[in-house]
Amino acid sequence: GADHLLYGWLLFALVLAGMIAVAVAMREPADQDNSSPTRMSRAAAPTFPIAALASLLLILSVRAGAATLENQPAGAAIPTTMPLSIRTSWTPVATEDPSPAIFAGADRIWYQAYSDGPTTIHLSLGYFSFERPGAEIASSSHRLAGPNPRQQTGERWEQTGAGRETFSARELIFGAANKRRLLRYWFWVDGRYTGNPYLAKLLQLKVKLLHAPSAAAVVSISTDYDATAAEELTAAAALDRFARDLGEVDAMQHEARERP
């Protein structure tokens with residue numbers, strides 16, 4: 001959906017700009033007599049095929065450019081260890097996530113559970129060395145609730161912070177029985193965090209055009225809780241604490257010279 005809207009509007013804007021440019025270039029001086037039907041038909045006749053040809057050339061150039069941008073950039077690599085640090089107030093534990101997130105097309109996925117004593121948080125990180133068809137951080141193909149998802153009962157935006165940044169992340173609630181899961185996720189692209197999939201797509205386009213580092217990731221944190229209002233508030237507060245204790249994704253420190 002994000003791809004369709006963003007690139008569709010970009011292509012529409014480019015084609016429209018090309019047609020306007022053709023029309024402006026072919027306009028006649030204002031003081032010229034255009035009252036003659038013959039003169040008007042002669043002036044208008046070449047406009048349509050030229051505009052159509054210009055639009056076709058523009059579309060073909062955009063498609064060719066898009067194909068070039070999908071090629072693997074030089075230096076693309078996959079880290080050997082999870083490129084995300086967390087403060088020592090959270091201890092890694094061997095608890096297995098009963099419903100781990102699945103990130104379609106990710107070059108590598110890391111799962112790790114952490115505990116601060118009363119709460120266990122499940123961290124999932126999907127890493128993409130570069131964007132290409134079938135391997136996109138903002139994608140409806142990701143299964144954040146895992147392979148056997150419970151019913152989704154809520155969805156909202158939540159202001160959160162990670163590393164040195166503050167942003168809005170998407171928060172989902174799963175489960176309608178006594179046990180529920182609160183999940184929050186966001187994207188890392190162009191060296192920054194954002195929860196907005198459209199902004200993530202724009203940042204990835206910027207990265208491709210400027211030949212900047214292409215690595216990107218999806219970060220998901222979740223916790224399970226009893227289905228009461230008080231427990232939901234406690235779970236949300238735990239996610240806030242955990243997110244604030246996360247560092248920034250730093251692929252360079254964990255990079256392996258391994259090609260996807």
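# Close-up views of a predicted model

**View 1. Aspartate 190, a partly exposed loop residue.** Aspartate 190 counts as partly exposed because its relative accessibility is 24%. The model shown here is predicted. Aspartate 190 sits in the loop that links β6 to β7 (192–194). Its phi is positive, about 55°, although aspartate 190 is not a glycine. Most residues other than glycine have a negative phi.

**View 2. Histidine 211, an exposed loop residue.** Histidine 211 belongs to the loop between α4 (197–210) and β8. Its relative accessibility is 71%, so histidine 211 counts as exposed. Its phi is positive too, near 55°, in a residue other than glycine.

**View 3. The whole protein, for orientation.** Five helices and eight strands make up the set of elements. From the N terminus, their order is α-α-α-β-β-β-β-β-β-β-α-β-α. The protein has 260 residues, and 39% of them are buried. About 14100 Å² is exposed, with 58% of that area supplied by carbon and sulfur atoms. Among contacts with a separation of 6 or more, 69% join residues 24 or more positions apart.

**View 4. The hairpin of β2 and β3.** β2 (108–115) and β3 (120–128) run antiparallel, and eight bridges join them. Serine 115 stands opposite threonine 120 of β3. Four residues lie between the two strands of this hairpin. Glycine 117 takes a positive phi there, near 115°. β3 itself is mostly covered, with eight of its nine residues buried.

**View 5. Threonine 119, a buried residue in the β2–β3 loop.** Threonine 119 is found in the loop between β2 and β3. Is threonine 119 buried or exposed? Its relative accessible area is 11%, so threonine 119 is buried. The cut-off for buried is under 20%. Which residues does threonine 119 contact, leaving aside neighbours within four places in sequence? They are Trp90, Tyr114, Thr223, Ala238 and Arg241. Of these contacts, Ala238 is also one of the buried residues of α5.

**View 6. β8 and its two antiparallel partners.** β8 (216–226) is mostly covered: nine of its eleven residues are buried. β3 pairs with β8 in the antiparallel sense over seven bridges. In that pairing, serine 124 has serine 220 of β8 as its bridge partner. Leucine 123 stands opposite isoleucine 221 in β8. β6 (179–189) also pairs with β8 in the antiparallel sense, over eleven bridges. Here arginine 184 has isoleucine 221 as its bridge partner in β8. Isoleucine 221 therefore appears in both pairings, opposite leucine 123 and as the partner of arginine 184.

**View 7. Helix α5 against the strands.** α5 (229–245) has 17 residues. From its first C-alpha to its last, α5 reaches 25 Å, close to the 24 Å expected at 1.5 Å a residue. Its buried residues are Glu232, Ala235, Ala236, Ala238, Leu239, Phe242, Ala243 and Asp245. An α-helix has 3.6 residues a turn, so residues three or four places apart point the same way. Which elements do the buried residues of α5 pack against? They pack against β2, β3, β4 (152–162), β5, β6 and β8.

**View 8. The largest nonpolar core.** This core holds 32 residues. Leu84, Leu125, Trp186, Tyr193, Ile221 and Phe242 touch the most other members. β2, β3, β5 (165–174), β6, β8 and α5 each supply at least two residues. α5 gives the most, with six. Another core lies apart from this one. That core has 18 residues, among them Ala101, Ala145, Leu172 and Ala216.

**View 9. Tyrosine 193 and its contacts.** Tyr193 is among the core members that touch the most others. Beyond four places in sequence, tyrosine 193 touches residues including Leu84, Ala162, Phe167, Trp186, Phe187, Trp188 and Val219. Glu165, Gly247, Glu248 and Val249 are also among its contacts.

**View 10. Confidence and the C-terminal residues.** The average pLDDT is 82, and 74% of the residues score at least 70. Over residues 253–260, pLDDT stays under 50. For residues 253–260 the model has 29 contacts beyond four places in sequence.

Notes. Residues are numbered from 1 along each chain as its sequence is written. This is a predicted model: local features need pLDDT of at least 70, side-chain atom pairs count only at pLDDT 80 or more; totals for chains, interfaces and linings use all residues. Side-chain values use heavy atoms; hydrogens and water are left out. Buried means under 20% relative accessible area, exposed over 50%, partly exposed in between (1.4 Å probe, protein chains only). Contact means heavy atoms within 4.5 Å. A nonpolar core is a set of buried Ala, Val, Leu, Ile, Met, Phe, Trp, Tyr and Cys residues joined through side-chain atoms within 4.5 Å. Accessible areas come from the Shrake-Rupley method with a 1.4 Å probe; for residues, only the protein chains shown count as cover. The expected span of a helix is 1.5 Å times one less than its number of residues. pLDDT is the predictor's confidence in each residue, from 0 to 100.
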